[in-house]
Amino acid sequence: MTSVERIIQTRLDHMPSRPERITCHLRLLTANRYDKAVMTVCSLVGKRAHVEEWLHPSEAAYLDKLRFVKRRQSYLAGRYAAKRAVAAWIGADIPLRCIAIGRGQFEQPIVTVNSYSNIQVSITHCDGGAAAIAFHEAIPLGIDMELIQQEKVDVLKSQLTASECNMVKQLPFAQAASLTLLWTAKESLSKVLKTGLTVPPHFYETVDVEASASSVNGRYAFFPQYRFLAFIAGPFVYAVTYPHQAALTTPFDRTPLLIPALAQQLRVDGPNIHRSFRKLGNSLGDNL
C-alpha cells in the first residue's frame with residue numbers, strides 16, 4: 001500500500017535536531033516474488049542536541065571523530081534517512097537508536113537490527129540533506145541524489161561517453177538537467193556494485209534511455225542485469241538502480257503531490273543556485 005509521510009519536528013534548538021522527512025513506498029515485482037522498498041528524504045540535521053535519542057552508540061562514537069561541521073551534518077542526515085527507511089521497511093515501532101547503520105569494507109552502509117536480517121540500505125548525500133532506500137538483499141538497489149548546477153555542465157560532459165552526450169541532446173530537458181540525470185544513474189549503479197567512483201565512469205555507460213514528462217528510464221551497457229529510473233524534483237535529480245528482471249512501481253502517478261513535496265524538502269542556499277533554478281524552470285516548466 002502506497003503511503004506518503006511528512007512529519008515536521010516542531011521542537012527547535014536553534015537548528016532542528018530531527019529533520020523534516022518524506023517517506024514513500026515502492027514496489028518491486030519479479031516472476032517469482034514481490035518485494036517492497038522504502039525511500040526516505042530528509043533535510044539536514046542541525047546541532048548535536050538530542051541526537052542521542054536516535055543514534056546508535058557506535059554511530060555516536062563515529063560522529064565524535066568527525067571534525068568538520070558539514071561532514072557531521074551530512075552524516076547525521078544520511079543516518080537519519082537510512083534509519084527511517086529501515087524502520088518503515090520493517091513496519092514495526094522500533095526505536096531508531098536500536099537500528100545501527102555501520103560501514104563496510106568499501107564504506108557501504110551495513111544494517112544491523114536485532115531479530116531482523118537481510119535488510120540493506122543505500123544512502124546518498126547532497127546539498128541540503130540526504131536520501132536513503134531500504135530493501136531486501138535479494139533485490140539489490142542503489143540510490144543517488146544530485147543538485148542540478150549549470151556551472152557543472154562541462155565537468156559532467158567529460159564524464160559521459162560520446163554516445164551519452166548525443167543522447168543528452170535528444171532529451172526534452174535543459175542540458176544541465178539531462179546531464180545530471182545520466183550522471184546520477186551512473187552513481188546509483190556504483191552503489192549497487194559497491195565500487196563507488198573507483199573505476200572510470202564509462203564502465204557505467206547508460207543506454208536505451210527513454211524520457212517521460214520529468215523522468216528517464218534506461219539500462220547500462222556493461223551491466224545488463226540492472227535498469228534505472230531517474231527523475232527531476234525541483235533543483236534535484238534522484239536515481240534508483242534496480243534489477244533488470246524486476247518491475248519497479250513508484251507512487252508518483254498515484255500521488256501527484258509527491259514530487260513537488262520532494263522538491264520543497266531540501267534547502268538550497270546561495271544566489272547562484274537560485275539563478276540556476278530559475279533558468280531550469282524556464283525549460284522544465286510544470287515538471288518542477
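What follows is a short look at confidence, one helix and one pocket in a predicted model.

Residues are numbered from 1 along each chain as its sequence is written, and side-chain values use heavy atoms, with hydrogens and water left out. As this is a predicted model, local features need pLDDT of at least 70 and side-chain atom pairs count only at pLDDT 80 or more, while totals for chains, interfaces and linings use all residues.

The chain has a mean pLDDT (the predictor's confidence in each residue, from 0 to 100) of 84, with 83% of residues at 70 or more. Over residues 1-18 the pLDDT drops below 50, though this stretch still has 48 contacts (heavy atoms within 4.5 Å) beyond near neighbours in sequence. Where pLDDT is low, the predicted coordinates should not be read in detail.

Helix α5 covers residues 175-193; helices here are DSSP runs of H or I, at least four residues, numbered from the N terminus. Its end C-alpha atoms sit 28 Å apart, in agreement with the 27 Å expected for 19 residues, taking 1.5 Å times one less than the number of residues. Of those 19 residues, 16 are buried (under 20% relative accessible area, 1.4 Å probe, protein chains only), so α5 is largely enclosed by the rest of the structure. Just after α5, lysine 194 adopts a positive phi of about 60 degrees.

Arginine 27 belongs to strand β2 (residues 21-29); strands are DSSP runs of E, at least two residues. Arginine 27 and alanine 246 lie 219 residues apart in sequence, yet their C-alpha atoms are 9.4 Å apart in space.

Terms used. Buried < 20%, exposed > 50% of the residue type's maximum accessible area, 1.4 Å probe, protein only.
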